[in-house]
Amino acid sequence: ERLKAIAMLLLCKGTITGDCQAIRSLLSEPADSENSPWFMADVHDLLSQGTVKMYCPIAVSIMVKNYDATRELLLRTDLDMRRKQVDWGRLKLTVLHESWIYSIAPWVVNLKLGNNNLRKLPSQFLTSTQLRRLDLSSNLLEKLTVDLFSLPNVEWLNLSHNKLKELSDATVWSRALINLDLSHNYLKSLPSSIQTSMLEILQLSHNKFTTVPKCVCRIHSLTTLDLSSMPITSLPR
């Protein structure tokens, strides 16, 4: 535990001072045993094994707005280029800087951003043309500033457990999107354009609907619809 604390303090120091080279050295390069303190080899081993939680230095780098340092940390946190998967969930992220998305946009297929504290999304999401699965559940999103539903290859999108109150009437629906989870939000209605989607699974439970939106009934591809745990008092004719 002592070595883990040392590792975290060294990373936090690098983020505060803006020393990205020091961060890269800690995370990627073996320590020079001849010129380094006795504990550095063990610290490097801990970091390379992923046993040190990164959310603390990441939080510090965001707090001091050293987004280059944050990128260095994120690009070495649960990122698997072979499987084209990135897991940045449970890191207490409050922002997503455009440079972080640019770094993974050309290749990421599965992006996990759940269980953070995100309130806004960067427009650079629209450059993620290879993306097929996107998890943004359990954040603090009140509205979508980016039309995620138009991403050309996203098949599965999880926006559950946010604070969404409405979706834009100008929403464009990609024909690739077949599974959408909007449960546990504050939605009272849906844009009529959803009837043009190719959704097969739509989860709307734990929202504020009092009636079933007619536009949902017009989604011809729909096979599964969850409307549970809502104050629905009437059904469309």
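This is a conversation about salt bridges, a surface patch and backbone angles in a predicted model.

Biologist: How many salt bridges does the structure hold?

Modeller: There are 4 salt bridges in this predicted model. One of them joins the side chains of Arg 24 and Glu 72, with an N to O distance of 2.8 Å.

Biologist: Where in the chain do Arg 24 and Glu 72 sit?

Modeller: They belong to distant parts of the chain, 48 residues apart. Arg 24 is in helix 2, residues 20-28, while Glu 72 is in helix 5, residues 67-74.

Biologist: And is Glu 72 buried or exposed?

Modeller: Glu 72 is buried, because its relative accessible area is 8% and the cut-off for buried is under 20%. Its partner Arg 24 has a relative accessibility of 27% and therefore counts as partly exposed.

Biologist: Which residues are linked with Arg 24 in a network?

Modeller: Glu 72 and Arg 76 are linked with Arg 24 in a network of salt bridges.

Biologist: Staying with helix 5, what separates Asp 68 and Arg 71?

Modeller: About one helical turn, because the two residues are 3 apart in helix 5. Their side chains meet in a salt bridge at 3.1 Å, N to O. Asp 68 counts as partly exposed, at 42% relative accessibility.

Biologist: Which residue forms a salt bridge with Arg 90?

Modeller: That is Asp 87, and the closest N and O atoms of the pair are 3.1 Å apart. Asp 87 counts as buried, with 13% relative accessibility.

Biologist: What about the backbone of Arg 90; is its phi positive or negative?

Modeller: Arg 90 has a positive phi of about 60°, although it is not a glycine. The residue lies in the loop between strand 2 (85-87) and helix 6 (98-104).

Biologist: Now to Ser 138. What is its phi?

Modeller: Ser 138 is not a glycine, yet its phi is positive, at about 55°.

Biologist: Where is Ser 138 found, then?

Modeller: Ser 138 is in the loop that runs between strand 4 (133-135) and strand 5 (156-158). With a relative accessibility of 26%, Ser 138 counts as partly exposed.

Biologist: A change of topic: which residues make the nonpolar surface patch?

Modeller: Ile 16, Met 63 and Val 64 make a nonpolar patch of about 320 Å² on the surface.

Biologist: Why does Ile 16 count as exposed?

Modeller: Its relative accessible area is 56%, and exposed means over 50%. Ile 16 has its place in helix 1, which covers residues 2-17.

Technical notes:
Residues are numbered from 1 along each chain as its sequence is written. This is a predicted model: local features need pLDDT of at least 70, side-chain atom pairs count only at pLDDT 80 or more; totals for chains, interfaces and linings use all residues. Side-chain values use heavy atoms; hydrogens and water are left out. Patches are made of residues with over 30% relative accessible area and no salt bridge: like charges are joined within 9 Å, nonpolar side chains (Val, Leu, Ile, Met, Phe, Trp, Tyr) within 5 Å. Accessible areas come from the Shrake-Rupley method with a 1.4 Å probe; for residues, only the protein chains shown count as cover. Helices (H or I, at least four residues) and strands (E, at least two) are DSSP runs, numbered from the N terminus. Buried means under 20% relative accessible area, exposed over 50%, partly exposed in between (1.4 Å probe, protein chains only).
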